[in-house]
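Let us take a walk through a protein model together, starting with the overall layout and moving inward. Keep the sequence and the 3D view side by side as you read.

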Amino acid sequence: MSLTIYGIAASRAVRPLWAAAELGLSFEHMETPYQGGATRTPEFLALNPNGRIPVLVDHRPEGEVVVWESMACALYLARHHGKGDGSDLAPATPREDAQALRWSFWSVTEVEKDALTVLMHRVAMPPGQRKADLAEAAEKRLYVPLRVLEQHLAQQSAQGLPFLAAGRFTVADLCVASVLGWARPARALMEAFPTTRAWLERCLEHGPHTRPCGPRRAGTDAWREPLACNVHVFTRASRACRRRDKTARHNAFIVRTLWRVLCRFLQGHDVFLPPPPVCLWLPHWPCWRDVHPWRRPMLRCLRRLFPQTGRRRPAALQRLAPRPRRWRNGGSVLATRN
């Protein structure tokens, strides 16, 4: 394949993934999460020294072209892989190209920060960690840029153009919709700008999750998941990932504890027990608030019996996932990663 895109759909990498799918390009999707140290490996840092996703690698006859930054990746794909004849999202005229550039940069500087705050503190974060005051302040700040967008869309509608730059869906709409979609949980904000809300719904209808995976995109499974800007499905996916990670952490804790119990009871006997697999080494004790109340007495006893469990870690795991900082707050043990 001539294109390789590093990243996951539930991140800013959705922009080049969406653009490649909209253009019908054949590409390889390397699912690289932004957590867990996957972006800090020497191989990835050779592509992007910043250690962030997405990264686009275009394998051209004259040599590889590496592009970072999600907006730059989407604009690069539209400019160098689009037809440019008005049949796809690539700009067909200098005016459309200028519209794509200015609205893409406008969305990053004027909208993205506050839209992400609304998404995190309204939907994505656990209820106990959300701060309503931050979300409300971000929504108030978004009124100013959305007035500008509403006015421009009204002018386009008066000319019979339903999208930002032309009468069709272009890369300008893709870039702005991928950012503004994060603000959809702010219902009062969306209702205050009906033209913008209708435009956003039209843009999301072009999302790659609305069409099946064709044979040209068979090398990736990313499009079996919806866009990250689809807030409701993105939230369900993030909750499922948290439940899966919590289950895996507890299973590893139980297996490793049982292995240590066997070692304790078989001391002095001529029995050889190999060490547990590396995947069972815990990065830390299970967080106290993640343990079911009925299991907390068992966890307290296990901590007293095996005080070293979950504290010694192989050097390889230490490099991949640094040890979290821990402190006590109100009698409960909290853990945060570096």
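What follows goes from the whole chain to its core, then to two helices, a cavity and a few local details.

Please keep in mind that this is a predicted model. The protein chain is built from eleven helices and six strands. It has 338 residues, and 43% of them count as buried. If you take the contacts in the chain with a separation of 6 or more, 61% of them are between residues 24 or more positions apart.

Let us step inside. In soluble globular proteins, nonpolar side chains tend to be buried together. Here the largest nonpolar core holds 55 residues. The residues with the most contacts inside this core are Leu56, Leu77, Leu149, Val171, Leu174, Leu189 and Trp199. Several elements each give at least two residues to the core: the strand β1 (3-6) and the helices α1 (14-23), α3 (70-81), α4 (94-124), α5 (132-158), α6 (171-180), α7 (187-192) and α8 (194-204). Apart from this core lies another one, of five residues, and Tyr6, Phe44, Ile53 and Val55 are among them.

Now turn to α1. Nine of the ten residues of α1 are buried, so this helix is largely enclosed by the rest of the structure. The buried residues are Val14, Arg15, Pro16, Leu17, Trp18, Ala19, Ala20, Ala21 and Leu23. You will notice that Arg15 is one of the buried residues in that list. As for their partners, the buried residues of α1 pack against the strands β1 and β2 (27-30) and against the helices α3, α4, α6 and α8. Just after α1, Gly24 adopts a positive phi of about 70°.

One of those partners, α8, deserves its own look. Its buried residues are Thr196, Trp199, Leu200, Cys203 and Leu204. Where do the buried residues fall when α8 is seen down its axis? They sit within an arc of 135°, so they line one face of the helix. Those buried residues of α8 pack against α1, α5, α6 and α7.

Trp199 also leads us to a loop. Pro162, in the loop between α5 and α6, touches Trp199 as well as Gly167 and Arg202, not counting residues up to four places away in sequence. Pro162 and Arg202 are 40 residues apart in sequence, yet their C-alpha atoms are 8.9 Å apart in space. Is Pro162 buried, partly exposed or exposed? With a relative accessible area of 28%, Pro162 is partly exposed, because that value lies between the 20% limit for buried and the 50% limit for exposed.

Back in the core, try centring your view on Val171. Leaving aside its neighbours within four places in sequence, Val171 is in contact with Ala74, Leu75, Ala78, Leu89, Pro91 and Ala100. Val171 also helps to line a cavity. A search of the whole structure finds two cavities of 30 Å³ or more, and the second largest has a volume of about 30 Å³. This second largest cavity is lined by Leu75, Ala78, Arg79, Pro91, Asp97, Ala100 and Val171. Both α3 and α4 supply at least two residues of its lining, and the largest share, three residues, comes from α3. By class, the lining has five nonpolar, no polar and two charged residues.

We finish with two details of the backbone. Most residues other than glycine have a negative phi, and most peptide bonds are trans. Glu69 has a positive phi of about 65° although it is not a glycine. Glu69 lies in the loop between β4 (63-68) and α3, and it is exposed, with a relative accessible area of 52%. Its C-alpha atom is separated by 9.6 Å from that of Asn48, 21 residues apart from it along the chain. The other detail is the peptide bond from Ile53 to Pro54, which is cis, with omega near 5°. You will find Pro54 in the loop between α2 (42-47) and β3 (55-60).

Note on methods. Residues numbered from 1 in each chain as written. Predicted model: local features only at pLDDT ≥ 70, side-chain atom pairs only at ≥ 80, totals over all residues. Heavy atoms only, no water. Core = buried A, V, L, I, M, F, W, Y, C linked by side-chain atoms within 4.5 Å. Buried < 20%, exposed > 50% of the residue type's maximum accessible area, 1.4 Å probe, protein only. Helix = DSSP H or I, 4+ residues; strand = E, 2+ residues; numbered from the N terminus. Contact = heavy atoms within 4.5 Å. 1 Å grid on protein atoms, 1.4 Å probe; cavity = no way out; pocket = protein on both sides within 12 Å on 5 of 7 lines; lining within 4 Å. Points joined across faces, edges and corners; volume = space filled by probe spheres on them. Nonpolar A, V, L, I, M, F, W, Y, C, P; charged D, E, K, R; others polar. Arc of directions from axis to C-beta.
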